[in-house]
Amino acid sequence: MTDMIAYERHGNIAVLRLQNPPVNALSHAVRSGLMACMDKAESDPEVRAVLLVGAGRAFIAGADIKEFGKPPLEPHLPDLCNRIEASPLLVVASLHGVSLGGGLEVALSAHYRIAQPGARVGLPEVHLGLIPGAGGTQRLPRLTGAEAAIEAITTGRHIPAKEAAALGIIDRVEEGDPQTVGLAYAGSLLVSGAERRPVSEMPAPDAIDWDATYTAVLKKGRGQLSPAQAVRAVQASTEQPFAEGLQTERQMFRDLMETDQRQGMIHAFFSERAVSNLPELKGIDPRRLEKIGVIGGGTMGAGIATAGLLSGMSVTLIEMTQDAADAARGRIAGNLAGALKRGKITAEAHDNLLNDHLDVAIHYDALRDADLVIEAVFEDMAVKKSVFGQLDAVCKPGAVLATNTSYLDINEIATSTSRPGDVIGLHFFSPAHVMKLLEVVVPEQTAADVVATGFALGKTLGKIAVRSGVCDGFIGNRIMRAYRMAADHMVLEGATPFEIDTALTDFGFAMGPFAVSDLAGLDIAWAMRKRLAATRDPRERVGRYPDKLCEAGHFGRKSGKGFYLYEADQRGSTPNPEVLDLIAAERADRDITPRSFTAEEIQRRYMAAMVNEAARIVGEGIARRPLDVDMVLLFGYGFPRYHGGPLKWADLQGLDTVLADIEGFAKEDDFFWQPAPLLQKLVAEGRNFDDLNKPG
Ligand code: 3HC
Ligand code: NAI
């Protein structure tokens, strides 16, 4: 017996209480302990029922993800589930907190399930590149029918107790201590003479149109394998006897375990959690964060203010004129109306936030009490410095002074205050109340507790906060500039923007780079090109055709025309034919004979550019670890989660392959394709990026 399971006898009921903090993951020790405790209960002639319950904050969060990729040790989880279900005793599971993946599979092996009203259940294995592997695809459809099971398994969503009861997953919902209500329920079942009720013995669900469902799920997954596989596993539950269906599921689970997608998704899972875990912040308390100020109520300022309000903070927003202030309030009201429409807030909360928690003013005096102020005015150094000078004059001592600048040097911005230790970059992504990424940009003199406050704000706002050093574009925009450049070069050499976008959505990106430019507004990159023109190295190749589009007044989605046409169809699924004429003219000017690119060539060049710049950013210490870069791309730039991030992707390709690609491309353009020193070093040492993610 292990101390992972507390065994207690309460009358004729044996309680098996899992205690593997923090979330009772089903590690090898837990599985062994449960097996032994089932034996013990069954060998006690007084015992007639078993109650499974979890200590701490959850019933069971699933298999122990840390064991994935290592040789599996007996007892395997499917065997444990079968053993629980086959017990001659009446088995009851009492659920609280989450019961996910293997956790729900254990519960489904019990004969009856009771849950707290706040409990949530789910089979989220697809988010790890897997399918349920301990009977979930065979037992769940027997309770809910095939359609509901497929919906639950392919989305991996957490299902609230009430809904789970309506679906037939849970038998009873009751408030109270999980062990107390579980014991009472098990007792009442014994008294009423309830029979064992193994789910595996229930009739198989009715068939549905499997091929249509498979195709729809495959399409929705944008290249992700596991959700579509889950459809086939559920299909097996209707077409094969239970034991055979389990084998089918197990084989698919094992096959998926071997895939790069599984590795990418699990890298994402752990990195998402590690990203805010910085050694320099250990033991450092953040400053107080109740009232925030925002300067500028344009696209970003209004979005940031909305994010603050939705997270329960009081927000004071400063604009330049009363008209601009009214417009800013209007934008925030629009954002909140959207949140109301999507069911994120109630009508009462909506009115309350807008009327009682938001103050829009035109004088900086209103910021006297603010704990943290985020500046989101025009991207202009002189304007930013003037704003920070005024903040220095009015803000209370200890207030954090933050800028949302996209590219400007925050060290220089900090010089316009008498308190550079309080200055930091908080770089949000548009729309700021929706996008999950927050870059916490740390200039040279920033105090550690100000950095901690940046991360605390990220947590309050429900964002993934990533630390970045100061450089032009910080982590994300600097990398984006490099891969955009690679895409532009391919266009000059013969690919069309539309071929490039298609190749990259096929790779799994939410959108291709040209569709993204249309969305952001082509004028933004145009302004950046103009800003950098004076200092540009003459060897750098920069396409002129996007400037021509802008000169003609085409800024993308907002003007109705860019790389795509939006006048008739807001989705922009029609390429703008003028773009091809502009490109053809530029190729002729440059004396380029266009050549064709396959989708694979496009993907490799684009990814090589991304990885190379990312390696430079890690090498320079702008990002502390490769995983920081991976999370920036995942949460801010639509990078497909199942590839894990660009540097995880590079590891999975083999860094020598990526370096060889870059060296090959350098034969045509040795200015753009200079291999990052860190990439060369890792290849020479036979190491990979993940080696740099490990602490110490
Ligand atoms: N295995 C190992 N560790 C786990 C874990 C798991 N299944 N689930 C969570 N943890 C760890 C986290 O890594 C974190 O560790 P850290 O403190 O060292 O960073 C700690 O538990 C707490 O997790 P969170 O910070 O995420 O806490 P939250 O309260 O925000 O969320 C949760 C809790 C909802 C359980 C969330 O962690 C989660 O979604 N976990 C994954 C659940 C899952 O995917 N289960 C399926 C596993 S696959 C499976 O069961 C296969 C089977 O079908 C055979
Ligand atoms: P915007 O032009 O939509 O809004 C700027 C607002 O600031 C305007 O409403 C203007 O009236 C106000 N303003 C200007 N000077 C002011 C002052 N002295 N005091 C008070 N208000 C003042 O610009 P946007 O797009 O919101 O960008 C703001 C900042 O955020 C820029 O630094 C930009 O680089 C950055 N950013 C923009 C992103 C985007 O996608 N638009 C993404 C991330 C950062």
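**Exercise 1. Which residues of H20 are buried?**

Solution. The structure is a predicted model. Helix H20 spans residues 513-520. Its buried residues are Pro513, Phe514, Ala515, Ser517 and Asp518. The next step is to ask what covers them. The cover includes H18, H19, helix H21 (522-533), helix H22 (545-551), strand S18 (564-565) and H24. After H20 comes Gly521, which has a positive phi near 105 degrees.

**Exercise 2. Describe how H19 packs against H20, and classify the crossing.**

Solution. Step one is the geometry. The axis of H19 (residues 497-507) comes within 7 Å of the axis of H20, and the two cross at roughly 105 degrees. Step two is the class. Angles of 65 to 115 degrees count as roughly perpendicular, and H19 and H20 are therefore roughly perpendicular to each other. Step three is the contact itself. From H19 come Pro497, Ile500, Asp501 and Leu504, which meet Pro513, Phe514 and Ala515 of H20. Sorted by class, this contact holds six nonpolar residues, one charged residue and no polar ones. Pro513, Phe514 and Ala515 also belong to the buried residues of H20.

**Exercise 3. Find the residues that touch the most other members of the largest nonpolar core, and say which helix and domains supply this core.**

Solution. The largest nonpolar core has 74 residues, and Val629 and Phe689 touch the most other members. Helix H24 (residues 599-619) gives the most to this core, with 11 residues. At least three residues come from each of domain 2 (284-468) and domain 3 (476-693).

Now take Phe689 on its own. Setting aside neighbours within four places in sequence, Phe689 is in contact with Val611, Ala615, Pro626, Leu647, Ala650, Asp651, Leu655, Leu678, Leu679 and Leu682. Another core, of 66 residues, lies apart from the largest one, and among its members are Ala41, Phe68, Leu80 and Leu89.

**Exercise 4. State the domain bounds, and give the separation of the centres of domain 1 and domain 2.**

Solution. The domain assignment divides the chain into domain 1 (5-258), domain 2 (284-468) and domain 3 (476-693). Taken over C-alpha atoms, the centres of domain 1 and domain 2 are 44 Å apart.

**Exercise 5. Locate the cis peptide bonds that Pro75 and Pro431 take part in.**

Solution. Begin with Pro75. A cis peptide bond joins Glu74 to Pro75, with omega about -5 degrees. Pro75 sits in the loop that runs between strand S3 (49-54) and helix H2 (77-85).

Continue with Pro431. Here the cis peptide bond is between Ser430 and Pro431, and omega is about -10 degrees. The loop holding Pro431 lies between strand S15 (423-428) and strand S16 (437-441).

**Exercise 6. Phe474 and Asp591 each have a positive phi; determine where each is placed and whether it is buried or exposed.**

Solution. For Phe474, phi is about 50 degrees, although the residue is not a glycine. Phe474 is placed in helix H18 (residues 474-493). Buried means under 20% relative accessible area; Phe474 has 0% and is therefore buried.

For Asp591, phi is about 65 degrees, and this residue is not a glycine either. Asp591 is found in the loop between helix H23 (577-590) and H24. The cut-off for exposed is over 50%; at 71% relative accessibility, Asp591 therefore counts as exposed.

Note on methods
Residues are numbered from 1 along each chain as its sequence is written. Chains are lettered from A and ligands numbered from 1 in the order in which they are written. This is a predicted model: local features need pLDDT of at least 70, side-chain atom pairs count only at pLDDT 80 or more; totals for chains, interfaces and linings use all residues. Side-chain values use heavy atoms; hydrogens and water are left out. Axes are lines fitted to C-alpha atoms, for helices over the stretch in contact, and angles run from 0 to 180 degrees between N-to-C directions. Helices (H or I, at least four residues) and strands (E, at least two) are DSSP runs, numbered from the N terminus. Angles under 35 degrees count as roughly parallel, over 145 as roughly antiparallel, 65 to 115 as roughly perpendicular and the rest as oblique. Contact means heavy atoms within 4.5 Å. Ala, Val, Leu, Ile, Met, Phe, Trp, Tyr, Cys and Pro count as nonpolar, Asp, Glu, Lys and Arg as charged, and the others, Gly among them, as polar. A nonpolar core is a set of buried Ala, Val, Leu, Ile, Met, Phe, Trp, Tyr and Cys residues joined through side-chain atoms within 4.5 Å. Buried means under 20% relative accessible area, exposed over 50%, partly exposed in between (1.4 Å probe, protein chains only). Domain bounds come from an automatic or database domain assignment.
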